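Colleague: Got a minute to walk me through this one? I'd like to get my bearings before lunch.

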Amino acid sequence: MSNKRILVALSGGVDSSACVFLLQKAGYDVSAVVLDLSPPHAQTVVAARETAAALGIPLYVARDYARFETNVIRPFADAYRAGKTPNPCVICNPTTKFALLLEKADELGIELVATGHYASVEERNGRYLLKKAGCLERDQSYMLYRLSQQQLSRLILPLHSLPKSQVRAIAEESGLSCASKPDSQEICFIPDNDYAAYVEALTGPMAEGDFISPEGQVCGRHKGLLHYTVGQRKGLGIALGHPVFVREIDPVDNVIRLAYAGGEYAKGVILSALNWIGMDVLSSPLRAGVKIRSMAKEADATITPLAEGRVQVEFDTPQRAPAPGQSCVFYDGDYVIGGGFIDTSF
């Protein structure tokens, strides 16, 4: 395989388009693939075709509705019904997006792949490390922490050091209409972003249940667990004389337990399904910076191994509303050590 050939995941948006343009300028022979994973992705395919034509590169379509439903949509729906708050991109990246990207690259005899993510990959002593973006405001390393060594070893991320304004300028320089296109804040398979309606349409309505006050008394009715997330304050329809927050979503008893301000903070979390990038396994307590959601500030913590491959993360300073189903990602400075899914908080 030639190391000057590269396959880019193209969506037609400004990031992936600028990625292609930069690789072309660097002398790569660029081909592109657009992922068609659900009916709403049809508009992405159209946009990618337009962009590929404008940039003069071949475009392939990788269509796999079944894999996306099995790996992403169903776990997403099941997690919400179980009172969790999943992040579909974190799940999709290793199991579907990068898997399909590499499969198409293998089919075409291309070694290297690229995406428009804001992060970087560094090889050190035969191990491939995931590093924060040079522009920390755009850093997406949190979203990529579940990638495997095999996936990281073939990945190039050209946008890692660039601010968004420069990426848009690059897209404009290339003459692409997407240069001024706003960033999408939607879940790719739920265009209207109404995830609760989507999940209920897919799996059926959820039963109503009780809100439990901070004092342990029934204080109202909720409309179904999937309509709420840990830490939520607005839209509860509860008046107790003081602001209250969702502290716990209990799928066993179908209740939502509330807390007054301050009660939504946790000293730590228990994680499962760990993925390690900077090491093979954790055998002793580790000090690290951790993020409990993609946009959270990094917090200092101690990570301690537990039985059955789980870990305990104890924060130096209590953190607000860690939500079961979200990821907690560990950092050593600019490098991702690993991470896992939040099971419970304490």
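Modeller: Sure, here's a quick tour of the sheet, some helices and a few odd backbone spots. Keep in mind that this is a predicted model.

Colleague: Fine. In what order do the strands of the open sheet run?

Modeller: The order is β3-β2-β1-β4-β7, so five names to remember, and the pairing is parallel.

Colleague: Which strands stand at the edges?

Modeller: β3 (59-63) and β7 (155-156). Each has a single partner strand, so one side of each has no neighbour in the sheet.

Colleague: How many bridges join β2 to β3?

Modeller: There are 5 bridges between β2, residues 29-36, and β3. If you want a landmark there, alanine 32 sits opposite leucine 59 in β3.

Colleague: OK, on to α1. Which strands does it lie across?

Modeller: Helix α1, residues 14-25, lies across β1 (5-9), β2, β4 (112-114) and β7. Its direction is at about 170° to β1.

Colleague: How many of the residues of α1 are buried?

Modeller: 9 of the 12, so α1 is largely enclosed by the rest of the structure. The buried ones are Val14, Asp15, Ser16, Ser17, Ala18, Cys19, Val20, Phe21 and Leu23.

Colleague: And what covers them?

Modeller: The cover includes β1, β2, β4 and β7, plus the helices α2 (42-55) and α6 (164-173).

Colleague: What span should α1 have, going by its residues?

Modeller: At 1.5 Å a residue, its 12 residues should span 16 Å, and the end C-alpha atoms are 16 Å apart, which agrees. Just after α1 comes glycine 27, with a positive phi of about 95°.

Colleague: Let me zoom in on serine 16. Buried or exposed?

Modeller: Serine 16 is buried, because its relative accessible area is 6% and the cut-off for buried is under 20%. Leaving out residues up to four places away in sequence, serine 16 touches Val8, Ala9, Leu10, Ser11 and Gly116.

Colleague: How far is serine 16 from proline 75?

Modeller: Their C-alpha atoms are separated by 27 Å, with the two positions 59 residues apart along the chain as the offset.

Colleague: Switching to helix packing. At what angle do α3 and α4 cross?

Modeller: Roughly 175°, with the axes of α3 and α4 (residues 88-108) coming within 9 Å. That makes α3 roughly antiparallel to α4.

Colleague: Which residues make that contact?

Modeller: From α3 you have Arg67, Phe68, Asn71, Val72 and Phe76. From α4 it's Pro88, Ile91, Cys92, Thr95, Thr96, Ala99, Leu100 and Glu103. By class, the contact of α3 with α4 has 8 nonpolar, 3 polar and 2 charged residues.

Colleague: And how does α3 pack with α7?

Modeller: Helix α3 (residues 65-81) and helix α7 (residues 195-203) pack at about 105°, their axes 10 Å apart. That puts α3 roughly perpendicular to α7.

Colleague: Which residues meet there?

Modeller: Ile73, Arg74, Phe76, Ala77, Tyr80 and Arg81 in α3 meet Tyr195, Tyr198, Val199, Leu202 and Thr203 in α7. The class split for α3 with α7 is 8 nonpolar, 1 polar and 2 charged. Phe76 turns up in the α7 contact and in the α4 contact.

Colleague: Next, β8. In what sense does it pair with β9, parallel or antiparallel?

Modeller: Antiparallel: 4 bridges join β8 (residues 209-212) to β9 (residues 218-222). The hairpin has 5 residues between the strands, and glycine 216 in it takes a positive phi near 95°.

Colleague: What about β8 and β11?

Modeller: Those two pair in the parallel sense over 3 bridges, with β11 covering residues 255-260. Phenylalanine 211 has a partner on each strand: glycine 220 stands opposite in β9, and isoleucine 256 is the bridge partner in β11.

Colleague: Last thing: which residues other than glycine have a positive phi?

Modeller: Two to look at are alanine 273, with phi of about 50°, and glutamate 308, with phi near 60°. Most residues other than glycine have a negative phi.

Colleague: Where are they?

Modeller: Alanine 273 lies in strand β12, residues 265-276, and counts as partly exposed at 39% relative accessibility. Glutamate 308 is in the loop between β14 (299-305) and β15 (311-320), and is exposed, with a relative accessible area of 77%.

How values were computed. Residues numbered from 1 in each chain as written. Predicted model: local features only at pLDDT ≥ 70, side-chain atom pairs only at ≥ 80, totals over all residues. Heavy atoms only, no water. Axes fitted to C-alpha atoms, helices over the stretch in contact; angles between N-to-C directions. Parallel < 35°, antiparallel > 145°, perpendicular 65-115°, else oblique. Contact = heavy atoms within 4.5 Å. Nonpolar A, V, L, I, M, F, W, Y, C, P; charged D, E, K, R; others polar. Pairing = 2+ DSSP bridges. Expected span 1.5 Å × (residues − 1). Buried < 20%, exposed > 50% of the residue type's maximum accessible area, 1.4 Å probe, protein only.
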